[in-house]
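This report describes a structure for a reader who has not met it before. Please look through the sequence and the model first.

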Number of protein chains: 2
Amino acid sequence: MTETARAATTPAATSGSKSEQAYAAVKARIVDGTYSPGYRLVLAKIAEDLGVSVVPVREAIRRLEAEGLVKFERNVGATVSGIDPTEYLYTMQTLSIVEGAATALSAPLIGAADVARARAVNAEMRECLQHFDPVRFTRLNQDFHSVLFEHCPNPHILDLVHRGWNRLASLRSSTFRFVPGRAHESVDEHEALLQLIESGASPDDIEKAARRHRSATLDAYLAQTNAGSLSAH
Amino acid sequence: MTETARAATTPAATSGSKSEQAYAAVKARIVDGTYSPGYRLVLAKIAEDLGVSVVPVREAIRRLEAEGLVKFERNVGATVSGIDPTEYLYTMQTLSIVEGAATALSAPLIGAADVARARAVNAEMRECLQHFDPVRFTRLNQDFHSVLFEHCPNPHILDLVHRGWNRLASLRSSTFRFVPGRAHESVDEHEALLQLIESGASPDDIEKAARRHRSATLDAYLAQTNAGSLSAH
DNA sequence: GAGTACGAAATCGTATACGAAACACTATGG
DNA sequence: CCATAGTGTTTCGTATACGATTTCGTACTC
């Protein structure tokens, strides 16, 4: 389930149309980092790789553009968007807001079993910190939040969260690195969040906590960046 | 400027490609109600209307699908999405959140001139209530909020707001009607919001107020609906 | 009379082909 | 040596064409 949850974004079914196939394939390559930010997406090339013609590929790229994963310039071509630290800031800020809302809306629907599952994931995350496994850590982090959002009653908001994640994924491996200390804080905040939920705290408090959880990561990044070069690109 | 603000959604330029043209045209027809929810979008027909071939139209529709304005079923066709009251609820709830955030982020950047402009718009809205002109009222309502959001430093969030508005626009004229009393409350809340901003209230308070402004409209709608038939479709 | 099976029309999905625009490179003049 | 104009190549943009799928209407059977 976590796998599907990670992939899902647009309602469009996973049917076997070539357009869908192209969409899924290109998106997967962007999210998993095969195509990193700035990568030039040449229609004909992708079409050949996938064994289809250019028309479905164009469609796929247009959709990805609407999701913000790709930048498409008239008569020039498509490139994987990202790179820009400003973009990272925008994305994180937006995520902070929609994740906060998603968590608050989900909270009343989260049962003891879910909390237990989330705790298990969080424990694994702690292990990752021992062995220093950032990739797995990131994946588990999504799993953790997936558990929280599973029951989110508003699919639109959930969709926004997923889109944000995808955007981040396209950025992560290349430009933006871990802020070491932050990871430890993160798992602690997860535990705090779970306790808030268990204790039946007000949606407002839960939202604030969830929101801060995300903003704190952004702040840590900004602090680190500004330490190096202060000039925001 | 209000006109552009109302139209903008996807970063894609307004260049003259046929694909762009088709996208803009279909979107406009959805937003202005020419194509109401459930309307069957036949590719060949649209292509002929616009004097282009089907390929650019497909692209356009795919983009609109990613924005949530259109539902696209494999081998069946595209229809204008909407209709469903549940969808209305989701959209309003989401808007409440992103508008709240957008307002809070914009507030520190709003100057006296902007406030004055917003007041002028709000005054016009009051007039609309006298002459009962819901269409103009809705348009002015967007103008009002456009003034507030103009300076929003996060374009992603602004984009989400616009998308929400477009979705609402596609719904409004057909299914969802005004809740009469609500309109009066609305202009009062606008004034209160402006005063909050002028007084330099905390972003948190501003966000709450802006959020409630939107939720209240939703609540009014729900109350009215439940009064009639309680069964949420 | 109701339900099912078949066939025709409508519509979608994709490949191919060709024209148009942008880009890179070279040659020429200052 | 640098700037600029011209040419060739790459890549995009869209029209057209055809095969695939669904839908709807009709006839047939029970």
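The sections below cover the basis of the model, the contacts between chains, the DNA and some single residues.

## Basis of the model

This is a predicted model, in which local features need pLDDT of at least 70 and side-chain atom pairs count only at pLDDT 80 or more, while totals for chains, interfaces and linings use all residues. Residues are numbered from 1 along each chain as its sequence is written, chains are lettered from A and ligands numbered from 1 in the order in which they are written, and side-chain values use heavy atoms, with hydrogens and water left out.

## The interface of chains A and B

In chain B, 34 residues are in contact with 35 residues of chain A; contact means heavy atoms within 4.5 Å. About 3,000 Å² is buried between the two chains, and carbon and sulfur atoms give 53% of that area. Buried area is the accessible area (1.4 Å probe) that two parts lose on being put together, summed over both. B:Glu59, B:Arg62 and B:His156 supply 21% of the area that chain B buries against chain A, more than any other three residues.

The interface has 19 residue pairs in polar contact, both at pLDDT 80 or more. A polar contact is a pair of N or O atoms within 3.5 Å; within protein, one must be able to donate a hydrogen and the other to accept it, and residues adjacent in sequence count only if both atoms are side-chain atoms. Several helices of chain B each supply at least two residues of the side that touches chain A, among them H2 (18-31) and H4 (54-66). H5(B) gives the most, with eight residues. Helices here are DSSP runs (H or I, at least four residues), as are strands (E, at least two), numbered from the N terminus.

## Salt bridges

Across the interface there are 10 salt bridges, and the structure holds 40 over all chains. A salt bridge is a side-chain nitrogen of Lys or Arg within 4 Å of a carboxyl oxygen of Asp or Glu. B:Glu59 pairs with A:Arg62, with the closest N and O atoms 2.8 Å apart. This pair crosses from helix H4 of chain B to helix H4 of chain A. B:Glu59 is buried at 3% relative accessible area, and A:Arg62 is buried at 4%. Buried means under 20% relative accessible area, exposed over 50%, and partly exposed in between (1.4 Å probe, protein chains only).

B:Arg62 forms salt bridges with A:Glu20 (3.3 Å, N to O) and with B:Glu65 (3.2 Å). B:Arg62 and B:Glu65 are three residues apart in helix H4 of chain B, about one turn of the helix, and both are buried. A network of salt bridges links A:Glu20, A:Glu59, A:Arg63, B:Arg58, B:Arg62 and B:Glu65.

## DNA strand C

Of the 20 residues around DNA strand C, those that come nearest are A:Lys18, A:Ser53, A:Asn75, B:Arg58 and B:Asn75; a residue is near a strand if one of its heavy atoms lies within 4 Å of it. Sugar or phosphate accounts for 86% of the strand atoms within 4 Å of the protein, and bases for the rest. Phosphate oxygens of strand C lie 2.4 Å from a polar backbone atom of A:Lys18 and 3.2 Å from one of B:Asn75.

## A:Thr94

A:Thr94 lies in helix H5 (residues 85-106) of chain A and is buried, at 10% relative accessible area. A polar atom of the A:Thr94 side chain is 2.8 Å from the backbone oxygen of A:Tyr90. Not counting residues up to four places away in sequence, A:Thr94 touches B:Asn154, B:His156, B:Ile157 and B:Leu160.
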